[in-house]
Amino acid sequence: MRNVAIVSFAQLPSVRVSHATDEAELVQPVTSQAMKQVGITQDDIGFTCSGSTDYLPGRPFSFVAAVDGLKAWPPIRESHVEMDGAFALYEAWVRLLHGDIDTALVFSFGKCSLGPVPDVLNLQNDPYYVQPLGLDSISAAALQAQALIDAGKATERDFAEVAVRNRKNALGNPNAQIKGDFGVDELLEEPYLSSPLRKSFCSPLSDSAAAIVLAAGDAAKKLTKRPAWIRGIDHRTEPHSLGQRDLTSSPSAKLAAEKAGVGKGKVDLAELHAPFAHQELILREALGLGDDVNVNPSGGALAANSLMTAGLIRFGEAASRVLAGKADRAVAHTTNGVCLQHNLVAVLEGE
Amino acid sequence: MSDFLSAPYVLQYTYTRSTGPVIGRFLESLRYGVLEGVRTADGGVLCPPLEYDEKGEATTGEFIQLRPVGTVKSWTWVPEPRKGHPLDRPFAFALIQIDGTDNAMVHVVDAEKPKRMKTGMRVRARWAEERNGTIRDIACFEPVLPYLPGPVHLDYDVRPGQHYTAFLRGLQEGKLIGGCDSQSGKVYVPPRAADPFTGNPTSEYVEVADTGVLTTFTIIRIPFEGQKLKPPYCFGAIVLDGADMPIYHLISGVPYDQIRMGMRVKAKWKPREEWETSLENILYFEPTGEPDAPFESYEEHL
């Protein structure tokens, strides 16, 4: 199998409202910057793939409009997933395995500031049995958090500790939206949004965009000194119906991690896509990450959560530390769907 | 910010959804107030029914009627309902396992307050008044309480007897009447059938003052069934001037942290036109402002 690596990464700072930009205007700066970092242009890219959802702007086929942020003439090979950009990266990785092209551009963008996101996300629920009940995303996640408490696997204090650690880590991240040195007791005094979830146990909503360049084999080595090689990558999904799952664990993340080979060596750091604090606890267990692993040095999704982009940013944050020689072996994770339904895990390594 | 344009925009679709033989039958049954599950290939039951189980096996098409009762497997309290939520007051979303099934249903529980929610609690469906074949034909679930209401209601007469009648007649005229047996000389309010020292009726009626000494008191801070007043309130024992036995009444008109034993108090009467044969003619006792009575003066009444 061909070796494929992440060779560059660019992102826009996550902000609550980006007044100045439409989709194409979010895409252009990050794609051009990611390519510029390794001295190439769109003409050098073999395949372009993006991840986004039209329900964020509420505009059907907005992903087509996003191509306006690229140099797409003469016509380019292009594809799109209605998922987080990390799943677009997976598609691009598969495409590079064909062997006929050596580079791929992956990007994603999410403007959460335009619509009622918790209600928009109800549209991913079962249209017959759940959507008519208006199960917003926070309440759905709260059902999972309460199940975790009832199972004796975690407490609200554990949730608060996750939030405090992520937002403290985010102090070192210029692109994070919510950061600071908060106290656990202080967070435990916040009112419930949907019990047992308080505001700080939930990710913020952000506007942002991100782009990654993938390259295969020698092409990767030519583009950068120390590529972040994708040593393993896998994604798995669980049943859609919440009532058919054990919400306190993540068999899909566990299996994806096994297939990606997370446990085959020491993990220096992991970037986990956990939009709610309790989900980080579930993911750590599923991926078998011990206390020695530096989880979310960027601050994770609790510090910035541009939907459809936060997962690709996890890949970028993990890869950039390998590219910079600060880590030898990193894990990147992305989730999609309700209550961690679908999980993608990759292992990135320096030489 | 005003440099950038912004305008409201509504996204709306008028899609319809085909339901098929499994979901369609389930939703149609709801219309008639009937809850059904479907049998899976390995003998389990799913409610709400699905065409396939989680292993990908087609379900059998055999429907089983279920009692609309189940157990909460997880829940979240929503203190501020959103526009799309089924209830306009605080409620819980819950995963509910209907009795006799192997999966759980997402629905809402109308429980008034989060304290009434607990994983493992029993809930029953409350049907919507108007049903049209959607999951919201179940308006919500409500707690099933593990006990029956057991109220008792019996009609009696109260006949207070001659001594208490004298006391109540006195109250009707704004007087506090005590009874005395000349052998002991002690005055009891209200008068008694027998003086405990002599065994004689306290038939000599005397009027005592509506002022006295607060000998002891308690401040009630907890609510209880049948309570007429809103806590906190103070209840005290008052030895009226001229009496040898305390009566019990409310103490008010003073901050609770200033109420003390030995305090001189006076009855606060209702307006005269509201007087009945009741001790409630006195609203409460309040301080007179006089110096406190020395402990020795009321010690024997404690």
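Here are some questions and answers on a predicted model of chains A and B.

Q: How do you know how confident the predictor is in chain B?
A: Look at pLDDT, which runs from 0 to 100. Chain B has a mean of 93, and 99% of its residues reach 70 or more. For the model as a whole, the scores are ipTM 0.84 and pTM 0.78.

Q: What makes chain A as compact as a globular protein of its length?
A: The globule rule gives 20 Å for 351 residues, and the radius of gyration of chain A is 19 Å, close to that value, so the chain counts as that compact. Its C-alpha trace spans about 55 × 45 × 40 Å along the principal axes. Into that go twelve helices and twelve strands.

Q: What share of chain A is called buried, and what earns a residue that word?
A: A residue needs 20 or more other C-beta atoms within 10 Å of its own. In chain A, 60% of the 351 residues qualify. As for contacts with a separation of 6 or more, 79% of those in chain A join residues 24 or more positions apart.

Q: Why is helix 6 of chain A called roughly perpendicular to helix 10 of chain A?
A: The two helices, residues 156-169 and 277-287, pack at an angle of about 95 degrees. Angles of 65 to 115 count as roughly perpendicular, so the label fits. Their axes are 8 Å apart.

Q: Which residues make that contact, and how do they divide by type?
A: Helix 6 of chain A brings Asp158(A), Phe159(A), Val162(A) and Ala163(A), while helix 10 of chain A brings Ala277(A), His278(A), Glu280(A) and Leu281(A). They divide into five nonpolar, one polar and two charged.

Q: Which residues of helix 9 of chain A are buried, and what do they pack against?
A: In helix 9 (residues 251-260), the buried ones are Ser252(A), Ala253(A), Lys254(A), Ala256(A), Ala257(A) and Ala260(A). They pack against strand 8 (228-237), helix 10 and strand 12 (342-349) of chain A. After helix 9 of chain A comes Gly261(A), with a positive phi near 80 degrees.

Q: How do you know which residues of chain B touch chain A, and which strand gives the most?
A: Contact requires C-beta atoms within 7 Å. By that test, 33 residues of chain B meet 29 residues of chain A. Strand 4 (69-78), strand 5 (91-98) and strand 6 (105-109) of chain B each supply at least two residues to this side. Strand 4 of chain B gives the most, with five. The side of chain B that touches chain A divides into 20 nonpolar, nine polar and four charged residues.

Terms used. Residues are numbered from 1 along each chain as its sequence is written. Chains are lettered from A and ligands numbered from 1 in the order in which they are written. This is a predicted model: local features need pLDDT of at least 70, side-chain atom pairs count only at pLDDT 80 or more; totals for chains, interfaces and linings use all residues. Helices (H or I, at least four residues) and strands (E, at least two) are DSSP runs, numbered from the N terminus. The radius of gyration is taken over C-alpha atoms; the globule rule is 2.2 Å times the number of residues to the power 0.38. A residue is buried if 20 or more other C-beta atoms lie within 10 Å of its own, exposed if 12 or fewer, and partly exposed in between; C-beta atoms are placed from the backbone. Two residues are in contact if their C-beta atoms, placed from the backbone, lie within 7 Å. Ala, Val, Leu, Ile, Met, Phe, Trp, Tyr, Cys and Pro count as nonpolar, Asp, Glu, Lys and Arg as charged, and the others, Gly among them, as polar. Axes are lines fitted to C-alpha atoms, for helices over the stretch in contact, and angles run from 0 to 180 degrees between N-to-C directions.
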